[in-house]
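Hello,

Here is the structure I promised to pass on to you. Please have a look at it first, and then read my notes below.

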Amino acid sequence: MGPSNKYAVFTDKSIRLLGKNQYTSNVESGSTRTEIKHWVELFFGVKVIAMNSHRLRGKARRMGPIMGQTMHYRRMIITLQPGYSIPPLRKKRT
């Protein structure tokens with residue numbers, strides 16, 4: 001089983017990057033770049049030429065007197081070869 005693609009990211013920067021054929025998505029923190037690259041190429045049938053990633057920490061949350069934290073996750077910016085595209089992924093509902 002491949003890495004879990006949590007959801008697509010729709011921010012001002014990610015929408016601007018769509019013009020450069022770059023797609024932004026959040027994935028599980030434990031996923032590696034090569035796993036994600038192979039998964040994207042197999043699932044969407046596209047050619048990936050570059051990938052950038054950074055790890056984002058979870059946010060602090062309080063539940064009464066107990067302090068907790070949401071899960072860490074990794075944000076991937078995937079650059080595709082010209083001529084390829086990914087259909088819009090589902091947007092996270094807040």
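Let me start with one residue: Asn21 is buried, because its relative accessibility is 14% (buried means under 20% relative accessible area, exposed over 50%, and partly exposed in between, with a 1.4 Å probe and protein chains only). Asn21 sits in the loop between α1 (12–18) and β2, and its phi is near 65°, a positive value in a residue other than glycine. Helices (H or I, at least four residues) and strands (E, at least two) are DSSP runs, numbered from the N terminus.

Before going further, a word on what you are looking at. This is a predicted model, in which local features need pLDDT of at least 70 and side-chain atom pairs count only at pLDDT 80 or more, while totals for chains, interfaces and linings use all residues. Residues are numbered from 1 along each chain as its sequence is written, and side-chain values use heavy atoms, with hydrogens and water left out.

How confident is the predictor? The mean pLDDT of the protein chain is 84, and 86% of its residues reach 70 or more (pLDDT is the predictor's confidence in each residue, from 0 to 100). Among the elements, strand β1 (residues 5–8) has the lowest mean, 72, and strand β4 (residues 60–63) the highest, 92. Where pLDDT is low, the predicted coordinates should not be read in detail.

Now the overall layout. The protein chain has two helices and six strands, which run β-α-β-α-β-β-β-β from the N terminus on. Of its 94 residues, 31% count as buried.

Next to look at is Gln22, which lies in strand β2 (residues 22–28). Gln22 is buried too, because its relative accessible area is 16%. Leaving aside neighbours within four places in sequence, Gln22 is in contact (heavy atoms within 4.5 Å) with Ser14, Leu17, Ile77, Ile78 and Thr79. With Thr79 there is also a polar contact, side chain to side chain, at 3.1 Å. A polar contact is a pair of N or O atoms within 3.5 Å; within protein, one must be able to donate a hydrogen and the other to accept it, and residues adjacent in sequence count only if both atoms are side-chain atoms.

Which residues make up the largest nonpolar core? There are 12 in all, including Tyr23, Val27, Phe44 and Ile86. β2, α2 (33–44), β3 (48–56) and β6 (73–80) each supply at least two residues of this core. A nonpolar core is a set of buried Ala, Val, Leu, Ile, Met, Phe, Trp, Tyr and Cys residues joined through side-chain atoms within 4.5 Å.

Helix α2 is worth turning around on your screen. In α2, Ile36, Val40 and Phe44 are buried. Seen down the helix axis, the buried residues of α2 fall within an arc of 35°, so they line one face of the helix (the arc is that of the directions from the helix axis to the C-beta atoms). What covers these buried residues includes β2, β3 and β6, whereas Thr34 and Leu42 on the other side of α2 are exposed. After α2 comes Gly45, whose phi is positive, near 65°.

Finally, find Ala60 in strand β4. Ala60 counts as partly exposed, because its relative accessibility is 48%. Apart from neighbours within four places in sequence, Ala60 is in contact with Met67, Gly68 and Gln69.

Enjoy exploring!
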